[in-house]
Amino acid sequence: TASVETQNVLCLVPAIVYDRRGYRVGYGGGYYDRFFGKTRPASIGIVYEEFILKNVPHGRYDITVDVIVSERGIYACK
């Protein structure tokens with residue numbers, strides 16, 4: 001497998017819903033969690049405000065995004 005250089009890399013992470021801590025419910029493939037397990041680029045979740053919930057279920061190996069951007073604001077998750 002090719003190595004991914006993380007300097008100056010930004011990853012836009014899709015999801016169905018997010019919570020303010022940066023956890024998400026995605027599409028069930030686990031691709032982003034596996035990718036982030038190998039490298040840790042800066043990550044942004046983009047979602048409508050109505051899809052930012054108080055809490056979403058997450059597992060031990062789920063990884064949060066750094067920032068969530070909605071039409072109403074920008075939220076730091078760390």
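R20 counts as partly exposed because its relative accessibility is 42%; buried means under 20% relative accessible area, exposed over 50%, and partly exposed in between (1.4 Å probe, protein chains only). The exercises below treat a predicted model, in which local features need pLDDT of at least 70, side-chain atom pairs count only at pLDDT 80 or more, and totals for chains, interfaces and linings use all residues. Residues are numbered from 1 along each chain as its sequence is written, and side-chain values use heavy atoms, with hydrogens and water left out.

**Exercise 1. Confidence**

Task: State the average pLDDT of the protein, and identify where confidence is lowest and where it is highest.

Solution.
Step 1. The pLDDT, the predictor's confidence in each residue from 0 to 100, averages 86 over the protein. A score of at least 70 is reached by 91% of the residues.
Step 2. Confidence is lowest in helix 1, at a mean of 79, and highest in strand 6 (residues 67-70), at 97. Helices (H or I, at least four residues) and strands (E, at least two) are DSSP runs, numbered from the N terminus.

**Exercise 2. Salt bridges**

Task: Determine how many salt bridges the structure holds, and describe the pairs R20 and E49, R21 and D19, and R40 and D66.

Solution.
Step 1. The criterion is a side-chain nitrogen of Lys or Arg within 4 Å of a carboxyl oxygen of Asp or Glu. The structure holds three such salt bridges.
Step 2. R20 and E49 meet through their side chains at 3.3 Å, N to O. R20 lies in the loop between strand 2 (17-19) and strand 3, and E49 in the loop between strand 4 and strand 5 (52-53), so the pair ties together parts that are 29 residues apart in sequence. E49 is buried, with a relative accessible area of 12%.
Step 3. The side chains of R40 and D66 form a salt bridge at 3.8 Å, N to O. This pair links distant parts of the chain, 26 residues apart: R40 is in the loop between helix 1 and strand 4, and D66 is in the loop between strand 5 and strand 6. R40 is partly exposed at 34% relative accessibility, and D66 is partly exposed at 21%.
Step 4. The side chains of R21 and D19 meet at 3.0 Å, N to O. D19 counts as buried because its relative accessibility is 0%, whereas R21, at 36%, counts as partly exposed.

**Exercise 3. The two sides of helix 1**

Task: Decide which residues of helix 1 are buried and which are exposed, and find what the buried residues pack against.

Solution.
Step 1. Within helix 1 (residues 31-38), the buried residues are D33, F35 and F36. These residues lie on the same side of helix 1 because they cover an arc of only 160° around the axis, the arc being that of the directions from the helix axis to the C-beta atoms.
Step 2. R34, G37 and K38 are exposed on the other side of helix 1.
Step 3. The buried residues of helix 1 pack against strand 1 (10-13), strand 3 (24-25) and strand 4 (42-46).

**Exercise 4. Two residues before helix 1**

Task: Locate Y27 and G30, and characterise their exposure and spatial relations.

Solution.
Step 1. Y27 belongs to the loop between strand 3 and helix 1, as does G30.
Step 2. Y27 is exposed at 63% relative accessibility, while G30 is partly exposed at 29%.
Step 3. Apart from neighbours within four places in sequence, Y27 is in contact (heavy atoms within 4.5 Å) with P14, A15 and I16.
Step 4. The C-alpha atoms of Y27 and H58, 31 residues apart along the chain, are separated by 13 Å. For G30 and D62, which are 32 residues apart along the chain, the C-alpha separation is 8.6 Å.

**Exercise 5. The surroundings of V47**

Task: Establish whether V47 is buried or exposed, and list the residues that V47 touches.

Solution.
Step 1. V47 is found in the loop between strand 4 and strand 5.
Step 2. With a relative accessible area of 10%, V47 is buried.
Step 3. Not counting residues up to four places away in sequence, V47 touches I16, Y18, I52, I68, V69, S70 and E71.
Step 4. The C-alpha atoms of V47 and V9 are 20 Å apart, with their positions 38 residues apart along the chain.
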